[in-house]
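Colleague: I'm new to this structure and would like a close look at a single part. Could you take me through the main pocket and then follow its walls outwards into what surrounds them?

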Amino acid sequence: MRITRRQAIGGLAALATLPATRLFAQGKLALPTSPITLNVADVAGNLALTQKAIENYAAAKPNLVSKITFTKAPAPELPGKLKAQQAANRLDIDLVLTGTDALSAGLEQDLWVKLLPDHSASLPDLKAIYQEPAHRMLALGKDHGVVVTYYPSGPLLEYMPDRVKKVPTTVEELLAWAKENPNKFLYARPANSGPGRTFLMGLPYLLGDSDPHDPVKGWDKTWAYLKELHKYIEYYPTGTGALMKELGEGTRDMTVSTTGWDINPRVLGVVPKEAAVAPLKGFHWVADAHYMCVPKGIAEEKLAVLLDLMSFLLTPEQQAYTYDQGYFYPGPAVKDVPLSMAPKESQDALAEFGRKEYADWIANNPIEVPLDPAAMVVAFRRWDEEVAGKKS
């Protein structure tokens, strides 16, 4: 555990004294009369950012929660598992922490409880507390997911300076570099990789495609580019972690990255500290977020506790934990959570491995929301079939 329990004590005393009856008001679900067990499934790596805050909730509310179990799984596996459990009426997952991938698939298959505005009375005023891009990301949840963490994401190029002497500055130069250095550039499958899908959704802006939000009719340049780039790529890892290991070991010289995937692997020593990043000319950030979703079929008393947990996780004190070690940099979805509020371990890691240029890049480049869920599913499917499935 990166953060000691002692460091979490500040601010909890007041929270622990909040009356459990606050959800009994009109329009709110009744809380359980005895503590319950919550089962949290993470398919986005979000527990690196929120597990300590969730544990803080259990410590602050022993009258509501007796135990919290945590499980992790790849995003593509979750929808099928949930659907089977729901069909058998044997749901053993209460809260899902997900990125836009499983969120989208779950919406397509109607797996999630509708949270907004049905249960808005049990949640804070989200528009008032969220950072503006995080509030725009909320719309992707289609009222079935609540944003818990946010970052501007990418796409950025990450490379090893000792092996890449001429860094591409445009998408055309990137393609030329990949052609001159076959199998030295790599990116991961977009359906299961934040940097991969950020690259996929960022290309229409970089290439000047007709409609960056329509992967069917508006991405002609993007699909042509990816098919050409495919000729010089050996394979596509199924996750970003494996990709970063290859970059760190020297198998690859360059990849696409995000602020978090740049910082955190260097903090952990997976990628050398001297790895560098660069934006491509004219790029737009394609934001990313993690969501709290509740599977259909959950008991009302559990839903009442989960709504209370969501409210707790959106307080500035608990959001400060989401700085972590730069994994989702910056991390907080809500306003007014400076790094100075974060645990010392987070402050120290970002002081050493963060990049001062990020503040300028974030402030001075457009921040776009990703594709809506239905379009994202289509984009992933087309990439799988037409790019990765295409013979070189």
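Modeller: Here is a walk from the pocket to the sheet, the salt bridges and the ring pairs. Keep in mind that this is a predicted model.

Let's start with the hollow itself. The largest pocket has a volume of about 900 Å³, and 44 residues line it. If you want to find the middle, look for Asp42, Ala44, Gly45, Ala48 and Tyr327, which are the lining residues nearest its centre. Sorted by class, the lining of the largest pocket is made up of 20 nonpolar, 14 polar and ten charged residues.

Now for the elements that build the wall. At least two lining residues come from each of α3 (47-60), α9 (194-207), α11 (240-249), α12 (259-268), β9 (285-293) and α15 (344-353). Helix α3 gives the most, with seven residues.

Let's stay with one of those wall pieces, α12. Nine of its ten residues are buried, so α12 is largely enclosed by the rest of the structure. Going along the helix, the buried ones are Thr259, Gly260, Trp261, Asp262, Ile263, Asn264, Pro265, Arg266 and Val267. Just after α12 comes Gly269, with a positive phi of about 85 degrees.

Further along the chain is Lys273, in the loop between α12 and β8. Lys273 forms a salt bridge with Glu352, and their closest N and O atoms are 3.2 Å apart. Glu352 belongs to helix α15, so you're looking at a link between distant parts of the chain, 79 residues apart. Both ends are partly exposed: Glu352 has 45% relative accessibility, and Lys273 has 42%.

The loop that holds Lys273 runs on to β8, and that takes us to a sheet. It is an open sheet of four strands in the order β6-β7-β5-β8, with mixed pairing. The edges belong to β6 (185-186) and β8 (276-278); each has a single partner strand, so one side of each is left without a neighbour in the sheet. Further in, β5 (residues 156-159) and β7 (residues 254-257) pair in the antiparallel sense over four bridges. To line them up by eye, find Leu156, which stands opposite Ser257 in β7.

From the edge strand β6, follow the loop between β6 and α9 to Arg189. Arg189 makes a salt bridge with Asp384, the closest N and O atoms being 2.8 Å apart. Asp384 sits in helix α17 (residues 373-388), so this pair ties together parts that are 195 residues apart in sequence. Asp384 is partly exposed, at a relative accessible area of 26%, and Arg189 is also partly exposed, at 26% relative accessibility.

Those two bridges belong to a total of 18 salt bridges. There's also a network of them that links Asp101, Arg197 and Asp288. For a local example, look at Arg136 and Glu132, whose side chains meet in a salt bridge (2.7 Å, N to O). They both lie in helix α7 (residues 132-138), four residues apart, about one turn of the helix. An α-helix has 3.6 residues a turn, so residues three or four places apart point the same way. Arg136 is partly exposed, with a relative accessible area of 30%, and Glu132 is partly exposed too, at 47%.

That leaves the rings. The structure has 14 aromatic pairs. In one of these, Tyr151 and Phe328 have ring centres 4.0 Å apart and planes at 35 degrees, so the pair is tilted. Tyr151 is in strand β4 (residues 146-154) and Phe328 in the loop between α14 (316-319) and β10 (331-332), so the pair ties together parts that are 177 residues apart in sequence. Both are buried, with Tyr151 at 2% relative accessibility and Phe328 at 3%.

Another pair, Tyr236 and Trp383, has ring centres 4.8 Å apart and planes at 80 degrees, so this one is edge-to-face. Tyr236 lies in the loop between α10 (220-230) and α11, while Trp383 is in helix α17, so the pair ties together parts that are 147 residues apart in sequence. Tyr236 and Trp383 are both buried. They also belong to a cluster in which ring pairs link them with Phe185, Tyr187 and Phe199.

Notes. Residues are numbered from 1 along each chain as its sequence is written. This is a predicted model: local features need pLDDT of at least 70, side-chain atom pairs count only at pLDDT 80 or more; totals for chains, interfaces and linings use all residues. Side-chain values use heavy atoms; hydrogens and water are left out. On a 1 Å grid over the protein atoms alone, a cavity is a set of points where a 1.4 Å probe fits but cannot get out, and a pocket is an open set with protein on both sides within 12 Å along at least five of seven lines; lining residues have an atom within 4 Å of a point. Grid points are joined across faces, edges and corners, and a volume is the space filled by probe spheres set on the points. Ala, Val, Leu, Ile, Met, Phe, Trp, Tyr, Cys and Pro count as nonpolar, Asp, Glu, Lys and Arg as charged, and the others, Gly among them, as polar. Two strands pair if DSSP finds at least two bridges between them. Buried means under 20% relative accessible area, exposed over 50%, partly exposed in between (1.4 Å probe, protein chains only). A salt bridge is a side-chain nitrogen of Lys or Arg within 4 Å of a carboxyl oxygen of Asp or Glu. Rings of Phe, Tyr and Trp (its six-membered ring) pair if their centres lie within 6.5 Å; planes under 30 degrees apart count as stacked, over 60 as edge-to-face and the rest as tilted.
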